[in-house]
Amino acid sequence: MTTRKYKDPFGRLMYNVKKSAQFGPKGAVGQKILKPDYIPKKIDFDEDDLKYIFYNKQGGKCYWLGIPLEPEWVNESYHPLALSVDRIKCGEDYIKDNIVICSRMTNVGRSRYDEKKFKDVIDYIRGKL
């Protein structure tokens with residue numbers, strides 16, 4: 001696996017958000033093929049806002065799983081617990097009131113699934129562990 005080093009992992013996280021906002025979740029190459037008419041999303045936050053949300057609002061934990069996440073994991077390609085910015089209302093802009101920080105795994109797993117129903121899925125999984 002490729003490891004990319006950023007002085008600040010939130011810089012990498014912001015880079016990922018910018019690419020997703022500009023090209024969609026499949027990135028620059030895939031999105032142009034899948035949806036050539038994709039309209040870029042707006043972003044109303046920066047790296048400092050992401051740090052604040054993660055540490056102060058979420059206590060350094062995945063929004064969905066409630067488990068601690070290590071920001072450095074964002075530097076490891078395909079790490080399932082790497083930080084990821086999830087939009088609560090999929091398809092809308094990246095605005096502070098519409099984002100949470102979670103693991104890459106839960107962001108991809110939730111996709112467009114309803115927020116309340118996804119919380120029920122997480123509770124189900126916890127009950128089975």
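Two strands pair if DSSP finds at least two bridges between them. In this predicted model, strand β1 (residues 83-87) and strand β2 (residues 99-103) meet that condition, with 5 bridges in the antiparallel sense. Within this pairing, D86 of β1 stands opposite V100 in β2.

Look along β1 next. In a regular strand the side chains alternate between the two faces of the sheet. L83, V85 and R87 point one way from β1. S84 and D86 point the other way. The strand is mostly covered, and 5 of its 5 residues are buried. That includes the charged residues D86 and R87.

Now the cysteines. The structure holds 0 disulfides. C62 is in no disulfide, and its nearest cysteine sulfur, that of C102, lies 5.2 Å away. A disulfide needs the two sulfur atoms within 2.5 Å, so this pair does not qualify. For C102, likewise in no disulfide, the nearest cysteine sulfur is that of C62. C62 counts as buried because its relative accessibility is 2%, and the cut-off is under 20%. C102 counts as buried because its relative accessibility is 0%.

Turn to the helices. Two packed helices are described by the angle between their axes and the distance between the axes. Helix α1 (residues 9-23) packs on helix α3 (residues 47-57) at about 110 degrees, with the axes 9 Å apart. That angle makes α1 roughly perpendicular to α3. From α1, the contact draws on F10, G11, L13 and M14. From α3, it draws on E47, L50, K51, F54 and Y55. By class, the contact has 6 nonpolar, 1 polar and 2 charged residues.

Conventions
Residues numbered from 1 in each chain as written. Predicted model: local features only at pLDDT ≥ 70, side-chain atom pairs only at ≥ 80, totals over all residues. Heavy atoms only, no water. Buried < 20%, exposed > 50% of the residue type's maximum accessible area, 1.4 Å probe, protein only. Axes fitted to C-alpha atoms, helices over the stretch in contact; angles between N-to-C directions. Helix = DSSP H or I, 4+ residues; strand = E, 2+ residues; numbered from the N terminus. Parallel < 35°, antiparallel > 145°, perpendicular 65-115°, else oblique. Contact = heavy atoms within 4.5 Å.
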